[in-house]
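Trainee: I've got this one open and would like to walk through it with you. Can we start with how strands are paired, before anything else?

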Amino acid sequence: MFSEKFNNFGYLLKFVYKNFVLSCYHFVMKTLKDYEKELSKCSKCGQCQVACPVYKLTKNDCTVSRGKFIMLHGVTQGELKLSKNINKYLDMCLKCGKCSDFCPAGIDALEIITCAKHEYMKTTIWGKFINFVQSKLVFSNIIKIGKLLFSHSVPLNKEIIHGKNDTRLSVMYFKGCVNQVLPDTDKYLKKIFEKSDIEIITPDFDCCGLPFLSEGNLERFEQSAKTNIANLNTSYDYLVTDCASCESTLLSYPKYFDCDIKQEKTLNWGDIIALKDLKFEFEKPIKVTFHKPCHLKNDSFFEKIIQNCTNVEYIKMDDYDQCCGFAGSFALKNRQLSKEISKNKALNIRNTDADYVITSCPACILGLKQGLFLTGNKKTKVLSLLEFLSFADRIY
Ligand code: SF4
Ligand code: SF4
């Protein structure tokens, strides 16, 4: 009786604390009008055209930041209406951020496109439907159904893997939605780290929020980000993902909220494997190549890991850091463009004659598979870095 009351009281305290922490992160929701000054910074220099994978194919200015900014500036001036046609061009974007990297004016294209998308979607019935599908209740149930259908292994929750007595790392693992549904990644992690001391903590994170940002659903983005930030309000050595898109979205939180997600402490599993200096022995010789996801901030771990693999030859493909063409809903909304971009990628893969193309993003795996299928490449298989390394005959 007492313990039941105590448990309930403990639960209540936890609930109050969590909601207090959540309320501390204030989100300032900007309107398109707030970006008027930013939009007028565009000098129309056209540098973004050189970087944009979509513009390279379409040669249509409306598909790259320069053209989008001209249209959106027209909207802020009341000269244009935020129409279905403008929304079509907002959707013709891979959210790769390459235009911003090249922009001499330093304009954050993704932030502006997201805001414009938010303003457009809130006025449409389709937008209301998307918001319903992405609501916490519906979205989390879709993930639960996915888990029931596809999960065949026991997922990691709080796992301490004891191995040789090296320094134990405490790792906060942000699985992301795909790995929630397909927890094979947990199996690969257990195999790779069975000889290392590592503590893997997986609290009840929400989605990173990228699908919500892409649809301009800023209210749902705020909800998911606040839950994740509250879960990160504890001590750990590194925050780790094996999805480049999740990583970049987590790192974008300080742009929207008064919070601190440290860049140097937010890593990919590849960085942790390189840090632990793990060695991988493959009995048969293998040729591999690597696709760098647009959202992966640093890929230096890959070559370090390959140097620690015996019998593995790495052939760097041309444009290894160019987009795979998938980019979530982009592939659904722009089928032909998505296919063209992934075909170009697949031609570069074919030139390496690799047995495996390795990457660090579940969405890129789909884009790479699409390209290999469209170019009839049956030889090269697509694998995540963790899956590939878990195939090693010996790990030490
Ligand atoms: S984010 Fe990428 S696809 Fe979108 S406009 Fe910029 S460069 Fe082009
Ligand atoms: S690079 Fe920047 S300043 Fe130049 S046209 Fe593109 S958005 Fe405008």
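Mentor: Two strands count as a pair if DSSP finds at least two bridges between them. Keep in mind throughout that this is a predicted model.

Trainee: OK, so how many bridges join β2 to β4, and do they run parallel or antiparallel?

Mentor: Strand β2, residues 169-173, and strand β4, residues 238-241, are joined by three bridges and run parallel. Within that pairing, M172 is the residue that stands opposite L239 of β4.

Trainee: And which residue stands opposite V240?

Mentor: That would be L267, in β5. Strand β5 covers residues 266-268, and three bridges join β4 to β5, with the two strands running parallel.

Trainee: Stepping back, how many helices and strands does the chain have?

Mentor: The secondary structure of the protein chain amounts to 21 helices and ten strands. The chain has 396 residues, of which 41% are buried, and among its contacts with a separation of 6 or more, 81% are between residues 24 or more positions apart.

Trainee: Switching to the ligands, which residues are closest to ligand 1?

Mentor: Ligand 1 is surrounded by 14 residues, and the closest of them are C52, C93, L94, C96 and C99. The elements that contribute two or more residues to this shell are α4 (53-58) and α7 (98-102). By class, the shell consists of ten nonpolar, two polar and two charged residues.

Trainee: What about ligand 2, which residues come nearest there?

Mentor: There are 15 residues around ligand 2, with C42, C45, C48, R66 and C103 coming nearest. Helices α3 (47-51) and α5 (65-76) each supply at least two residues of that shell, and α5 gives the most, with three residues. The shell around ligand 2 divides into nine nonpolar, four polar and two charged residues.

Trainee: Last topic: at what angle do α19 and α20 pack?

Mentor: Helix α19, residues 335-352, packs against helix α20, residues 362-374, at an angle of about 75 degrees, with the axes 7 Å apart. Because of that angle, α19 is roughly perpendicular to α20.

Trainee: Which residues make the contact?

Mentor: On the α19 side they are K339, S342, K343, K345, A346 and I349, and on the α20 side they are G367, L368, Q370, G371, L372 and L374. Sorted by class, the residues of this contact of α19 with α20 comprise five nonpolar, four polar and three charged.

Terms used. Residues numbered from 1 in each chain as written. Chains lettered and ligands numbered in written order. Predicted model: local features only at pLDDT ≥ 70, side-chain atom pairs only at ≥ 80, totals over all residues. Helix = DSSP H or I, 4+ residues; strand = E, 2+ residues; numbered from the N terminus. Buried ≥ 20, exposed ≤ 12 C-beta atoms within 10 Å, placed from the backbone. Contact = placed C-beta atoms within 7 Å. Near = placed C-beta within 6 Å. Nonpolar A, V, L, I, M, F, W, Y, C, P; charged D, E, K, R; others polar. Axes fitted to C-alpha atoms, helices over the stretch in contact; angles between N-to-C directions. Parallel < 35°, antiparallel > 145°, perpendicular 65-115°, else oblique.
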